[in-house]
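Here's a quick briefing on one helix and a few charged pairs. Have a look at the model first, then read on.

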Amino acid sequence: MTPLIDFADQALINFLEHDFVPPSHHGFRWINIKRFRIPAAPADERLLSTLIDDGQFEDGYIGGGADPGSGVHGPYHLGRITPAAYQAVDVDTAIGELDTWARQLGALPPTLADVLEEEVYAPIRRAGSRYRLAELGQDAMHDLGFIPAEFHEIVIVAPEVHLLTLIVAADD
């Protein structure tokens with residue numbers, strides 16, 4: 001039987017690799033993108049549930065990559081994340097949240113702005129649906145939940161190209 005989602009690949013956009021002026025304005029920020037193939041277009045709630053159960057989702061985003069068995073996702077205990085923790089958002093809300101975060105220290109180098117457009121914003125615009133992980137609060141955080149310092153997560157579903165994409169933007 002074909003799995004509902006199947007990890008395809010991952011990309012990292014590291015702000016440190018771009019020439020900010022002044023140089024300190026990169027802010028040790030990054031965006032991690034994980035793409036999953038979806039063989040069909042099941043209900044988005046079922047896709048979100050399957051994503052949460054996938055080993056690639058179990059990632060504290062503090063340097064080691066996916067860590068199945070760790071029980072964490074970003075700053076949160078994995079068990080505190082359910083499909084109900086995701087809010088459907090429109091294109092402007094999804095892009096606005098990520099773009100505001102990316103530009104919080106000022107203008108972006110043109111190279112980074114181009115990468116964000118191609119790898120993050122354009123796929124969000126093309127997606128059939130978009131979901132934002134809500135703030136789950138202090139009681140949902142694990143012991144190292146303060147790392148990363150700021151955490152934003154958008155999940156996009158693009159059934160026409162058979163992709164579910166997990167976009168995590170954070171500061172170290």
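In H2, the buried residues (under 20% relative accessible area, 1.4 Å probe, protein chains only) are Ala94, Ile95, Glu97, Leu98, Trp101 and Ala102. They sit on the same side of H2, because they cover an arc of only 155° around the axis, going by directions from the axis to the C-beta atoms. This is a predicted model, where local features need pLDDT of at least 70 and side-chain atom pairs 80 or more, while totals for chains, interfaces and linings use all residues. Residues are numbered from 1 along each chain as its sequence is written, and side-chain values use heavy atoms, leaving out hydrogens and water.

**Helix H2**
- The buried residues of H2 pack against strands S2, S6, S7 and S8 plus helix H3, with contact meaning heavy atoms within 4.5 Å.
- Asp92 and Thr100 are exposed on the face turned away from the buried side of H2 (exposed is over 50%, partly exposed in between).
- Helices (H or I, at least four residues) and strands (E, at least two) are DSSP runs, numbered from the N terminus.

**Salt bridges**
- The structure holds six salt bridges (a Lys or Arg side-chain nitrogen within 4 Å of an Asp or Glu carboxyl oxygen).
- Arg35 pairs with Asp9 at 2.7 Å, N to O; Arg35 is in strand S2 and Asp9 in strand S1, so the bridge ties together parts 26 residues apart in sequence.
- Arg35 also meets Glu119 at 3.8 Å, N to O, linking strand S2 to helix H3 across 84 residues.
- Arg103 bridges to Asp99, with the closest N and O atoms 2.9 Å apart.
- Shared partners join Asp9, Arg35 and Glu119 into one network.
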